[in-house]
Amino acid sequence: MQFHHHGYVSTDPRVLPAEGIGLDRPDELPDEMDVLIVGTGPAGMIAAAQLSRFPDVHTRIIERRPQRLEVGQADGIQARSVETFQAFGFAEELSCEAYHITEMAFWKPDTATPEHIVRTAQPVDDPQDVSEFPHLIVNQARILDRFAEFMERSPSRMRPDYGIEFLDLTVKDSGSHPVAVRVRHTAGPREGEERVVRAKYVLGADGARSRVRASIGRSLDGDQANHAWGVMDVLARTDFPDIRLKCAIQSHSGGSILLIPREGGHLFRMYVDLGEVTPERKDRIRETTVEEIEQKANEILHPYTIEVRHVAWHSVYEVGHRLTEKFDDVDDASRSPRVFIAGDACHTHSAKAGQGMNVSMQDGFNIGWKLGHVLTGRSPEQLLSTYSAERQVIAQNLIDFDREWSTMMAKRPEEFEDPSELEDFYVKTAEFPAGFMTQYEPSMIVGPDEHQQLASGFPVGKRFKSARVVRVCDTNPLHLGHQAEADGRWRIYAFADRPAAGQPSALTDWARWLAESPDSPVVGCTPEGADQDALFDVKVIYQQRHTEFEVTDAPRIFLPEVGPYQLLQYEKVFAVLDGEDIFETRGISRDGAVVVVRPDQYVAHVLPLTDTAGLAAFFAQNTLDAAARTESPVSQHA
């Protein structure tokens, strides 16, 4: 973390200097704003957190509840989400308080005594070692708190507007703020008052019963599995030995349990199979009591018992798989979208794959930086059309996966052709629920894969999988990907060719072009007076060890002058780590390569160091030249 480039800092360095809207942010929801986010769930809060790093964009996030969420229903945090938290600066803190899943136990009927369950398998949670980050369990409310802290420490000083309910919206054809939103105050001195506010864009992250979705004429379509589950977070006495392990439990009677230990010890969650929902049971199933769920759990756990002492939360739900056909308000290219939906507002599924919150956060991360880039004039408005195109496909893949997993969880043991089918499926598909199978198709922000062989370990369209390197200036070994913050910047990683730093090479030619050519995105897009790395974070990784050259041997594009004192930024030059050569572990060509990574951590392009025209053409289609910008699309702050 660097924080002295604007002068000496002795206070909390995570609190960034106020800028833009943060200098005079209205305390109450104003009549006009750039972005209005509806709902303070995971999708809404991560989008707001990302937008909080754009202080020239006036973003507000409203919530009908009068205060923060205290009891969250989602708790599973996949490794991809922890990677994302790293960019927002709280992965380590959250990991310290979370429960870590390292293995999963599978229990089935004992072949000798079928009415008893026995442990039959205990595979590791990440058999493919797809991430250096853990699989966590932590209260959803704590995650939302972390995003709220990030927002409040940001230059825009953003915070949620609680006690305001969304009613409906209409989109006008013209005007600087074309989305008219009707809201009602549900708390405070204005309780009961209805009013209309106006925004340039609206993001609906308001859950499965989304009013924003209804206002733009979208619907959730899909099916009910007609199978009910009782879920409860409890403190209990039990003799079941794996009470602190994630477990899939199948009983001889046909009932199943998914057991998930919670953070803090003692507390655990149980998804208890309540069976098929027949027409006769449909009206009553939602009224299933905790006592009935506990009784069913004891039947499944036999010969073990559980005695519930305290219930923190419980619910009953039926498995449903529903998806909205589009995640914005346009059906053709007649105009750019103005209204977007994210999270449960556009896709719902079972909770047993632990995907709802995780996929929702990637929705919010995806649209957040795109709104920020368009509203600050960095990118053309067409960028916003890529949100629905990218995320709707991912949601469909999730629903397909969840339908298979939840169906298997509901099967009786004798219905499996292979006794180990359930655990085999868990191991085989580990990369998908961990969040790493997402791969975006070519578009204005994802290039073709014609040069993929130059960096085979960084597949175009997939998330940037970090690896360890040495930071040359201070000799610290660290993860390259962990140095990227959620600050809205593109990352350009230059992997050097064979010559050492300071010697003529393809890298030095490329670096000179990037620093000096009018065709360079750094030269053409960086606003006058801004730091050289204001929009593009450019780093170099050399094939040599850090002791074989000086940091100052690197071209000046990797040592940019920053801040009012124009200090040299030394932390962008890296070398290989002994025994963990990133060129080998990530399949980087010894002739070098350029890897472009989007602000949301997905690989956008792989190019040779010699293809400067290709790099210029890629950014020309998604980034506006500074000279071509007239007035920023952002109006003065409301």
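Tyr99 stands opposite Ile137 in strand β7. The model is predicted. The pair belongs to the antiparallel match of β4 with β7 (residues 135-137), which runs over three bridges. Both Tyr99 and Ile137 are also among the contacts of Arg262. From there the briefing turns to a covered strand, a covered helix and the enclosed space.

**The three-stranded sheet**

- Three strands form an open sheet in the order β3-β7-β4, and their pairing is antiparallel.
- β3 (76-77) and β4 (99-101) are the edge strands, each pairing on one side only.
- Strands of a sheet pair through backbone hydrogen bonds, in either the parallel or the antiparallel sense.

**Arg262**

- Where does Arg262 sit? It is placed in the loop between β14 (256-261) and β15 (268-276).
- Is Arg262 buried or exposed? Its relative accessibility is 3%, so it counts as buried; the cut-off for buried is under 20%.
- The side chain of Arg262 makes a polar contact with the side chain of Asp233, at 2.7 Å.
- Neighbours within four places in sequence aside, Arg262 also touches Asp75, Val138, Asn139 and Arg244, among others.
- Leu267, Phe268 and Arg269 are further contacts of Arg262 beyond that sequence window.

**Strand β22 and its partners**

- Why is strand β22 (residues 536-541) described as largely enclosed by the rest of the structure? Six of its six residues are buried, so the strand has that description.
- In a regular strand the side chains alternate between the two faces of the sheet.
- On one side of β22, Phe536, Val538 and Val540 are buried.
- On the other side, Asp537, Lys539 and Ile541 are buried, so both faces of the strand are covered.
- β22 pairs with strand β21 (residues 490-495) in the parallel sense, over six bridges.
- Within that pairing, Arg491 stands opposite Asp537.
- β22 also runs parallel to strand β25 (residues 573-575), joined to it by two bridges.
- Which residue of β25 is the bridge partner of Ile541? It is Phe574.

**Val573**

- Val573 lies in strand β25.
- Its relative accessible area is 0%, so Val573 is buried.
- Beyond its neighbours within four places in sequence, Val573 is in contact with Val540 and Tyr542, among others.
- Its contacts also include Val470, Arg471 and Val472, as well as Phe549, Val551, Ala554, Phe558 and Leu559.
- Val573 and His116 are 457 residues apart along the chain, and their C-alpha atoms are separated by 60 Å.

**Helix α1**

- Helix α1 (residues 42-51) is mostly covered, with ten of its ten residues buried.
- Among the buried residues are Pro42, Gly44, Met45, Ile46, Gln50 and Leu51.
- What do the buried residues of α1 pack against? Their helix partners are α2 (79-87), α4 (140-153) and α7 (356-375).
- They also pack against strands β1 (32-38), β2 (59-63) and β11 (194-204).

**Cavities**

- Rolling a probe the size of a water molecule over the atoms shows where empty space is left.
- How many cavities of 30 Å³ or more are there? The count comes to three.
- The largest cavity holds about 170 Å³ of space.
- The elements giving two or more residues to the lining of the largest cavity are α2 and β21.
- α2 gives the most to that lining, with four residues.
- In total, 18 residues line the largest cavity, and Phe464, Gly481, His482, Ala484 and Gln601 lie nearest its centre.
- The lining divides into seven nonpolar, five polar and six charged residues.

Terms used:
Residues are numbered from 1 along each chain as its sequence is written. This is a predicted model: local features need pLDDT of at least 70, side-chain atom pairs count only at pLDDT 80 or more; totals for chains, interfaces and linings use all residues. Side-chain values use heavy atoms; hydrogens and water are left out. Two strands pair if DSSP finds at least two bridges between them. Buried means under 20% relative accessible area, exposed over 50%, partly exposed in between (1.4 Å probe, protein chains only). A polar contact is a pair of N or O atoms within 3.5 Å; within protein, one must be able to donate a hydrogen and the other to accept it, and residues adjacent in sequence count only if both atoms are side-chain atoms. Contact means heavy atoms within 4.5 Å. On a 1 Å grid over the protein atoms alone, a cavity is a set of points where a 1.4 Å probe fits but cannot get out, and a pocket is an open set with protein on both sides within 12 Å along at least five of seven lines; lining residues have an atom within 4 Å of a point. Grid points are joined across faces, edges and corners, and a volume is the space filled by probe spheres set on the points. Ala, Val, Leu, Ile, Met, Phe, Trp, Tyr, Cys and Pro count as nonpolar, Asp, Glu, Lys and Arg as charged, and the others, Gly among them, as polar.
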